[in-house]
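Visitor: Please give me a close look at one part of this model, the largest pocket. Start at one strand of its lining and work outward.

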Amino acid sequence: MRVFITGRPGVGKTTTLKYVVEEVKKRGVSVAGFYCPEVRERGVRVGFKIVDFSTGKEGWLAKVGPGEPRVGKYAVQKEAGEVARLVLSSLPTAQLIAIDEIGPMELSIGAVKEVIDAALKSEKPLVAVIHRQVKLEGKIYVLDVNNREQVKKEVLKEVMEALGLQG
Ligand SMILES: Nc1nc2c(ncn2[C@@H]2O[C@H](COP(=O)(O)OP(=O)(O)OP(=O)(O)O)[C@@H](O)[C@H]2O)c(=O)[nH]1
């Protein structure tokens with residue numbers, strides 16, 4: 001099972017993915033993967049964190065300021081690799097893989113791309129937010145404000161079925 005969630009910025013992709021992860025975790029499912037929330041200071045975006053779904057450990061993915069390598073105006077942070085390696089180590093024992101997101105920034109950071117490649121190679125059920133420019137084989141939900149409640153339920157149902165769990 002591979003389900004991808006895409007849609008325009010701010011439409012609710014992360015919220016949808018986190019809803020599904022939290023619902024299956026309530027049912028005792030082990031989830032591996034990460035999400036990359038933006039960080040704002042006084043309303044201005046200053047960078048992104050990377051958070052491990054399995055342990056909750058987080059680190060800076062990339063933030064404004066000096067440093068190499070860079071993704072756009074952001075400097076990639078070394079700690080991103082530490083969190084990514086933690087995620088990679090939890091993939092083998094997980095029942096579900098969840099990634100937010102498979103996008104240009106994540107794909108340009110070696111250790112994070114390694115997690116994404118491992119997830120895509122895995123036979124395990126995968127739910128991922130994909131950037132609208134990224135094309136992958138699988139069931140794709142294009143989220144909008146009118147369908148996001150319905151999509152939350154549909155994706156959860158697909159995951160539960162793939163894991164052999166009741167509703
Ligand atoms: N009322 C309502 N608000 C939502 C829903 N989903 C997301 N939001 C709100 O919309 C805003 C953006 O949600 P995200 O989940 O971060 O949207 P996103 O598509 O992941 O955003 P980007 O990653 O920046 O593209 C947040 O303030 C959410 O609280 C929803 O189902 N209902």
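**The largest pocket and its surroundings**

Guide: Gly 47 has 0% relative accessibility, so it counts as buried. The cut-off for buried is under 20%. Keep in mind that this is a predicted model.

Gly 47 belongs to strand E4. That strand runs over residues 44–52 and gives at least two residues to the lining of the largest pocket. Gly 47 can also be placed against a residue further along the chain. Ala 118 is 71 residues away in sequence, and 25 Å separates the two C-alpha atoms.

Now the pocket itself. Its volume is about 770 Å³. The lining takes in 30 residues. Nearest the centre lie Cys 36, Glu 38, Arg 45, Phe 48 and Glu 101. By class, the lining divides into 13 nonpolar, seven polar and ten charged residues.

Which elements supply at least two lining residues each? Strand E4 is one of them, along with strand E3 (38–41), strand E8 (96–102) and strand E9 (126–130). Helix H1 and helix H3 (104–107) do so too.

Take strand E8 next. Glu 101 lies in this strand, and it is among the residues nearest the pocket centre. Look at the backbone just before it. The peptide bond from Asp 100 to Glu 101 is cis, and omega is near 10°. Check that bond in your viewer.

The model has another cis bond, at a proline. It joins Glu 68 to Pro 69, with omega near -10°. Pro 69 sits in the loop between strand E5 (58–64) and strand E6 (70–71).

Back to the pocket, and to the link between E3 and E4. Arg 42 is in the loop between these two strands. Its phi is near 50°, a positive value in a residue other than glycine. Buried or exposed? Arg 42 has a relative accessible area of 82%. The cut-off for exposed is over 50%, so Arg 42 is exposed. Gly 47, by contrast, is buried at 0%.

Helix H1 is the next stop. It spans residues 13–26 and gives at least two residues to the pocket lining. Tyr 19 lies in this helix. At 28% relative accessibility, Tyr 19 counts as partly exposed, because it falls between the cut-offs for buried and exposed. Tyr 19 and Ser 89 are 70 residues apart in sequence, and their C-alpha atoms are 24 Å apart.

H1 also leads to the ligand. Helix H1 and helix H5 (148–162) each supply at least two residues of the shell around it. The shell holds Pro 9, Gly 10, Val 11, Gly 12, Lys 13, Thr 14, Thr 15, Arg 148, Glu 149 and Lys 152. Two of these residues are nonpolar, four are polar and four are charged.

Three polar distances are worth a look. The side chain of Lys 13 places an N or O atom 2.7 Å from a ligand oxygen. A polar side-chain atom of Lys 152 is also 2.7 Å from an oxygen atom of the ligand. Gly 12 uses its backbone: a polar atom there is 3.0 Å from a ligand oxygen. On its own, the ligand has 650 Å² of accessible area, and the protein covers 55% of that.

One last residue pair ends at H5. Tyr 141 is part of strand E10, residues 139–142. With 9% relative accessibility, Tyr 141 counts as buried, because that value is under 20%. Val 151 is ten residues away from Tyr 141 in sequence, and the C-alpha atoms of the two are 7.3 Å apart.

Key:
Residues numbered from 1 in each chain as written. Predicted model: local features only at pLDDT ≥ 70, side-chain atom pairs only at ≥ 80, totals over all residues. Heavy atoms only, no water. Near = heavy atom within 4 Å. Polar contact = N/O pair within 3.5 Å; in protein donor to acceptor, adjacent residues only side chain to side chain. Areas by Shrake-Rupley, 256 points an atom, 1.4 Å probe, with all protein chains shown as cover. Helix = DSSP H or I, 4+ residues; strand = E, 2+ residues; numbered from the N terminus. Nonpolar A, V, L, I, M, F, W, Y, C, P; charged D, E, K, R; others polar. 1 Å grid on protein atoms, 1.4 Å probe; cavity = no way out; pocket = protein on both sides within 12 Å on 5 of 7 lines; lining within 4 Å. Points joined across faces, edges and corners; volume = space filled by probe spheres on them. Buried < 20%, exposed > 50% of the residue type's maximum accessible area, 1.4 Å probe, protein only.
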